[in-house]
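Work through the following exercises with the model open. Each task is followed by a worked solution.

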Amino acid sequence: MKDAPGKGFVFTLNLILPGLGQIVSGRWIAGGAILLSALVFFFLGVYYALSPLFAMIRELLDGAESPTEYKIELTKVFVCFGLVVLLWGVGLADGFRNTKQQKEDGE
């Protein structure tokens, strides 16, 4: 049986990118789900934060005569980034718990 990576290694990988520690420790589905979800919510939050800016730049370059008011929907931005932080915490806790459980099963 392959030796499981240590708690510190899995924790460090999950700090770098949520779900990466699970993938390295052989839990492909859990790691992939956490990683994919975190990336989707991150890029969705970036989209909600920057789309009004890009729309304003596009309008200025097109030379529109009547200025439009653009607003960032902060609720959507905070929800998306909050879900990223939540997934990060779940990944850290799951990686720590699973590594501890694998160590106990191996003894």
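**Exercise 1. Classify isoleucine 57: is the residue buried, partly exposed or exposed?**

Solution. This is a predicted model. Start with the location: isoleucine 57 sits in helix α3. Next, take its relative accessibility, 36%. Buried means under 20%, and exposed means over 50%. The value lies in between, so isoleucine 57 is partly exposed. Now look at its surroundings. Isoleucine 57 belongs to a nonpolar surface patch of about 770 Å². The other members of the patch are Leu50, Leu53, Phe54, Met56, Leu60, Leu61 and Tyr70.

**Exercise 2. Check the length of α3 against its end-to-end distance, then find where the helix bends.**

Solution. Helix α3 covers residues 28–62. Count 1.5 Å a residue: its 35 residues should span 51 Å. The end C-alpha atoms are 47 Å apart, so the two figures agree. Then locate the bend. The helix turns by about 40° at leucine 50. Proline 52 follows within four residues. Finally, go past the end of the helix. Glycine 63 comes after α3 and has a positive phi, near 75°.

**Exercise 3. List the buried residues of α3, then place valine 40 on the accessibility scale.**

Solution. The buried residues of α3 are Gly31, Ile34, Leu35, Ala38, Gly45, Pro52, Ala55 and Glu59. Valine 40 is also found in α3. Its relative accessibility is 47%, so valine 40 counts as partly exposed. Add a distance across the chain. Valine 40 and valine 84 are 44 residues apart in sequence, yet their C-alpha atoms are separated by 8.8 Å.

**Exercise 4. Decide whether glutamine 22 is buried or exposed, and name its contacts beyond four places in sequence.**

Solution. Glutamine 22 lies in helix α2, residues 20–24. Its relative accessibility is 0%, so glutamine 22 counts as buried. Now set aside the neighbours within four places. The remaining contacts of glutamine 22 are Asn14, Arg27, Trp28, Gly31, Ile34, Gly91, Asp94 and Gly95. Two of these, Gly31 and Ile34, are among the buried residues of α3.

**Exercise 5. How many salt bridges are there, and which residues form a network?**

Solution. Side chains of opposite charge can pair when their charged atoms come close. The cut-off is 4 Å from nitrogen to carboxyl oxygen. By this rule the count is 4.

- Arginine 97 and aspartate 94 pair at 2.9 Å, N to O. They are 3 residues apart in helix α4 (residues 74–106), which means a separation of about one helical turn. Arginine 97 is partly exposed at 44%, whereas aspartate 94 is buried at 14%.
- Lysine 76 pairs with glutamate 73, with closest N and O atoms 3.1 Å apart. Lysine 76 is partly exposed at 35%, and glutamate 73 is partly exposed at 45%.
- Glutamate 69 pairs with lysine 71 at 3.8 Å. Both residues are exposed.

To finish, trace the network: salt bridges link Arg27, Asp94 and Arg97.

**Exercise 6. Summarise the whole chain: what is the order of its elements, and how much of it is buried?**

Solution. Count the elements: 4 helices and 0 strands. Read along the sequence, the pattern is α-α-α-α. Of the 107 residues, 26% count as buried. Turn to the surface. The accessible area is about 7500 Å², and 69% of it belongs to carbon and sulfur atoms. Last, take the contacts with a separation of 6 or more. Residues 24 or more positions apart account for 59% of them.

Definitions and conventions: Residues are numbered from 1 along each chain as its sequence is written. This is a predicted model: local features need pLDDT of at least 70, side-chain atom pairs count only at pLDDT 80 or more; totals for chains, interfaces and linings use all residues. Side-chain values use heavy atoms; hydrogens and water are left out. Helices (H or I, at least four residues) and strands (E, at least two) are DSSP runs, numbered from the N terminus. Buried means under 20% relative accessible area, exposed over 50%, partly exposed in between (1.4 Å probe, protein chains only). Contact means heavy atoms within 4.5 Å. Accessible areas come from the Shrake-Rupley method with a 1.4 Å probe; for residues, only the protein chains shown count as cover. The expected span of a helix is 1.5 Å times one less than its number of residues. The bend at a residue is the angle between axes fitted to the seven residues ending there and the seven starting there. Patches are made of residues with over 30% relative accessible area and no salt bridge: like charges are joined within 9 Å, nonpolar side chains (Val, Leu, Ile, Met, Phe, Trp, Tyr) within 5 Å. A salt bridge is a side-chain nitrogen of Lys or Arg within 4 Å of a carboxyl oxygen of Asp or Glu.
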